[in-house]
Amino acid sequence: MAQEITNFARFYSLFNKLPYNGDREEFKKSIVLQYTWNRTDSLREMTAKEYSDCCTALERLTGQDEWRQKMRDELRRRRSVCLKLMQKLGIDTSDWQRINDFCRHPRIAGKPFAKITSDELEELSVKLRSIQRKGGLKPVKNEEQSTSNAKDYILINFSMGEA
């Protein structure tokens, strides 16, 4: 059987946060044995499901799951604020392509909306409020609009009496 897990960073980052005064290696083996149902004491021999279950339980023990949930909630709140501000500026927030095109502009965020971090969303909300205070977005003149400003001439026949 090929090794399913090759990166154990998630496990060790959580494991190092656990309080334990005895032999750390024995403690680690006991945790692995518990989540593999005494099949193995080696992290390398754990299945992906066993590894995931083990790490999820360690996250609950160390409080990381609550922290992660708070971060997720904060990100959702900041995204919501930015979307509401974009909507006030006249951007169609039901169309993700338009939102991403707007956010990709280098003076706005320089990347698609989904890739914007929580701190960058806070900066974006400040920019959007500033744009709103200064009068909103200016319409862009297309080439078609500039050519439609040309004067149209209508020929009028002024010859009188010739019918």
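A polar contact is a pair of N or O atoms within 3.5 Å; within protein, one must be able to donate a hydrogen and the other to accept it, and residues adjacent in sequence count only if both atoms are side-chain atoms. I start there because the first residue I show, Thr 36, makes this kind of contact with its side chain, reaching the backbone oxygen of Thr 40 at 2.9 Å.

Before going on, two remarks on the source. This is a predicted model, in which local features need pLDDT of at least 70 and side-chain atom pairs count only at pLDDT 80 or more, while totals for chains, interfaces and linings use all residues. Residues are numbered from 1 along each chain as its sequence is written, and side-chain values use heavy atoms, with hydrogens and water left out.

Now the overview. The protein chain has seven helices and zero strands. Helices (H or I, at least four residues) and strands (E, at least two) are DSSP runs, numbered from the N terminus. Read from the N terminus on, the elements are α-α-α-α-α-α-α. Of the 163 residues in the chain, 27% are buried. Buried means under 20% relative accessible area, exposed means over 50%, and partly exposed is in between, with a 1.4 Å probe and protein chains only. Contact, in what follows, means heavy atoms within 4.5 Å. Among contacts between residues at least 6 apart in sequence, 49% join residues at least 24 apart.

Back to the loop between helix 2 (24–35) and helix 3, where Thr 36 lies. Is Thr 36 buried or exposed? Its relative accessibility is 2%, so Thr 36 counts as buried. Besides Thr 40, the side chain of Thr 36 reaches the backbone oxygen of Val 32, also at 2.9 Å. Not counting residues up to four places away in sequence, Thr 36 touches Met 46 and Glu 50.

Trp 37 lies in the loop between helix 2 and helix 3, and Asn 38 is found there too. Trp 37 is exposed, with a relative accessible area of 77%. Asn 38 counts as exposed at 62% relative accessibility. Most residues other than glycine have a negative phi. Phi of Trp 37, however, is near 55°, a positive value, and phi of Asn 38 is near 60°, again positive.

Next, helix packing. Two packed helices are described by the angle between their axes and the distance between the axes. The axes of helix 3 (residues 48–62) and helix 4 (residues 64–88) come within 5 Å and cross at roughly 85°. That makes helix 3 roughly perpendicular to helix 4. Axes here are lines fitted to C-alpha atoms, for helices over the stretch in contact, and angles run from 0 to 180 degrees between N-to-C directions. Angles under 35 degrees count as roughly parallel, over 145 as roughly antiparallel, 65 to 115 as roughly perpendicular and the rest as oblique.

Which residues make the contact? Helix 3 brings Glu 59, Arg 60 and Thr 62, and helix 4 brings Gln 64, Asp 65 and Arg 68. By class, there are no nonpolar, two polar and four charged residues in this contact. Ala, Val, Leu, Ile, Met, Phe, Trp, Tyr, Cys and Pro count as nonpolar, Asp, Glu, Lys and Arg as charged, and the others, Gly among them, as polar.

Further along helix 4 is Arg 78. Arg 78 is buried, with a relative accessible area of 17%. Its side chain joins that of Glu 74 in a polar contact of 2.9 Å. A polar atom of the Arg 78 side chain also lies 2.9 Å from the backbone oxygen of Ser 118. Leaving aside neighbours within four places in sequence, Arg 78 is in contact with Ser 118, Asp 119, Leu 121 and Glu 122.

Last, the cores. A nonpolar core is a set of buried Ala, Val, Leu, Ile, Met, Phe, Trp, Tyr and Cys residues joined through side-chain atoms within 4.5 Å. The largest has 16 residues, and those with the most contacts inside it include Cys 82, Phe 102 and Phe 113. Helix 4, helix 5 (96–104) and helix 6 (118–133) each supply at least two residues of this core. Apart from it lies another core, of 15 residues, including Phe 8, Phe 11, Tyr 51 and Leu 58.
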